Amino acid sequence: QLTDVKLVQLIDANDVNPDGSLDLSAPFGQPYDFVVSGDPRTFADLLTPAGLDFVNDYADGIGPWKPYLLRTRVYDRNRDGVPDDRNGDGVVTISDRVVVGDTGVIANAHDAGLMVHAFTFRNDASLYGFSDPIQEYKAYYALGIDGVFSDFPDTALAAQAFDRLTADVAAVTIGGRGAEAIRRTLLQTLAVAERLDDHGADRAAALMLRVFIDLVEDVQVGRIAAADRERPDHQPALYRR
């Protein structure tokens with residue numbers, strides 16, 4: 001008996017060039033079956049409209065390396081050809097790269113009927129253009145990504161948590177005197193907790209979330225139906241690679 005499984009086409013590269021283009025040097029420039037068969041197409045070719053249509057014939061999605069989705073370039077403030085320390089931590093790493101923006105790959109893949117699950121998200125490495133992994137996740141979630149391969153799934157989930165809570169607040173039905181003031185208080189409390197969490201103040205963020213929950217519980221007229229309500233279309237899936 002055959003098992004029905006989802007197939008994802010890996011999209012790899014060797015490195016990221018200073019201008020943000022992908023280095024497709026062997027052996028990371030092509031699928032191995034292309035190498036064996038003499039097919040000249042590269043991984044990058046599979047992300048063109050024609051390439052995505054080709055992938056859609058046999059796969060359910062693509063699994064691109066992150067730099068294919070969010071373009072970055074070297075930070076060179078004085079234009080001397082040497083990368084500079086953008087985040088001021090005393091060392092120059094890929095985290096100092098400047099985030100240029102969306103490459104459009106996710107939208108094109110969705111147009112071709114393909115899901116997009118990017119790799120690999122880590123807290124301790126591979127942060128192209130980011131020093132904070134939470135902010136990196138949020139940037140990719142904002143692009144509409146369908147899933148991520150993560151070695152730290154707890155962080156990937158934490159990056160979703162505040163967005164989900166904000167959506168829950170928006171769904172709360174509050175009536176009576178002071179209803180709007182209550183809603184503003186909920187949103188402001190949540191925003192403060194998120195800022196604290198982004199700066200690593202876990203204990204303070206947890207306390208603010210406790211206050212948030214207490215405020216919700218004190219609302220006599222209203223409800224949060226988080227468990228019963230359909231989630232937004234793009235709540236990315238998480239995978240440990």
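**Close-up views of a predicted model**

Search this whole structure, and four salt bridges turn up. Keep in mind that the model is predicted. The legends below visit some of these bridges, then the core and the surface.

**View 1. K66 and E136 meet in a salt bridge.** The nitrogen and oxygen of this pair are 2.7 Å apart. E136 belongs to helix α4, while K66 sits in the loop between β4 and β5, so the bridge ties together parts that are 70 residues apart in sequence. Are the two partners buried or exposed? Both E136 and K66 are buried. For K66, the relative accessible area is just 1%, and anything under 20% is called buried, so this lysine clearly qualifies. Leave out the neighbours within four places in sequence, and K66 still touches A118, F119, T120, F121, S126, E136 and Y140.

**View 2. Helix α4 is mostly covered.** How many of its ten residues are buried? The count is seven: P133, I134, E136, Y137, K138, Y140 and Y141. Look at the start of the helix, where a side-chain oxygen of D132 comes within 3.0 Å of the backbone nitrogen of I134. After α4 comes G144, which has a positive phi, near 95°.

**View 3. R122, D124 and D151 form one network of salt bridges.** Start with R122 and D124, whose side chains meet at 2.8 Å, N to O. Now add D151: its closest approach to R122, again between N and O atoms, is 2.4 Å. D151 lies in the loop between β8 and α5, and R122 in the loop between β7 and α4, so this pair links parts that are 29 residues apart in sequence. And how open are these spots? D124 is exposed, with a relative accessible area of 52%. R122 has 24%, which makes it partly exposed.

**View 4. The largest nonpolar core holds 36 residues.** Which residues have the most contacts inside this core? They are I62, W65, Y68, L69 and I145. Several elements chip in at least two residues each: helices α2, α3, α4 and α5, plus strand β7. There's a general trend to remember here: in soluble globular proteins, nonpolar side chains tend to be buried together.

**View 5. I11 is tucked away in strand β1.** The strand covers residues 8–11. I11 has a relative accessibility of 0%, so it counts as buried. Along the chain, I11 and I62 are 51 residues apart, yet their C-alpha atoms are separated by 6.9 Å. I62 also appears among the contacts of I11, and so do F43, L46, L47, G63, P64, W65, Y68 and F119, once neighbours within four places in sequence are set aside.

**View 6. Y32, V35 and V36 make a nonpolar patch on the surface.** Together, these three residues have about 350 Å² of accessible area. Y32 lies in helix α1, residues 32–37. Its relative accessibility is 66%, and exposed means over 50%, so Y32 counts as exposed.

**View 7. Zooming out, the chain has seven helices and nine strands.** Of the 241 residues, 38% are buried. The accessible surface comes to about 13,600 Å², with 53% of that belonging to carbon and sulfur atoms. Take the contacts with a separation of 6 or more: 67% of them are between residues 24 or more positions apart.

Conventions: Residues numbered from 1 in each chain as written. Predicted model: local features only at pLDDT ≥ 70, side-chain atom pairs only at ≥ 80, totals over all residues. Heavy atoms only, no water. Buried < 20%, exposed > 50% of the residue type's maximum accessible area, 1.4 Å probe, protein only. Contact = heavy atoms within 4.5 Å. Core = buried A, V, L, I, M, F, W, Y, C linked by side-chain atoms within 4.5 Å. Helix = DSSP H or I, 4+ residues; strand = E, 2+ residues; numbered from the N terminus. Patch = residues over 30% accessible without salt bridge, like charges linked within 9 Å, V, L, I, M, F, W, Y side chains within 5 Å. Areas by Shrake-Rupley, 256 points an atom, 1.4 Å probe, with all protein chains shown as cover. Polar contact = N/O pair within 3.5 Å; in protein donor to acceptor, adjacent residues only side chain to side chain.
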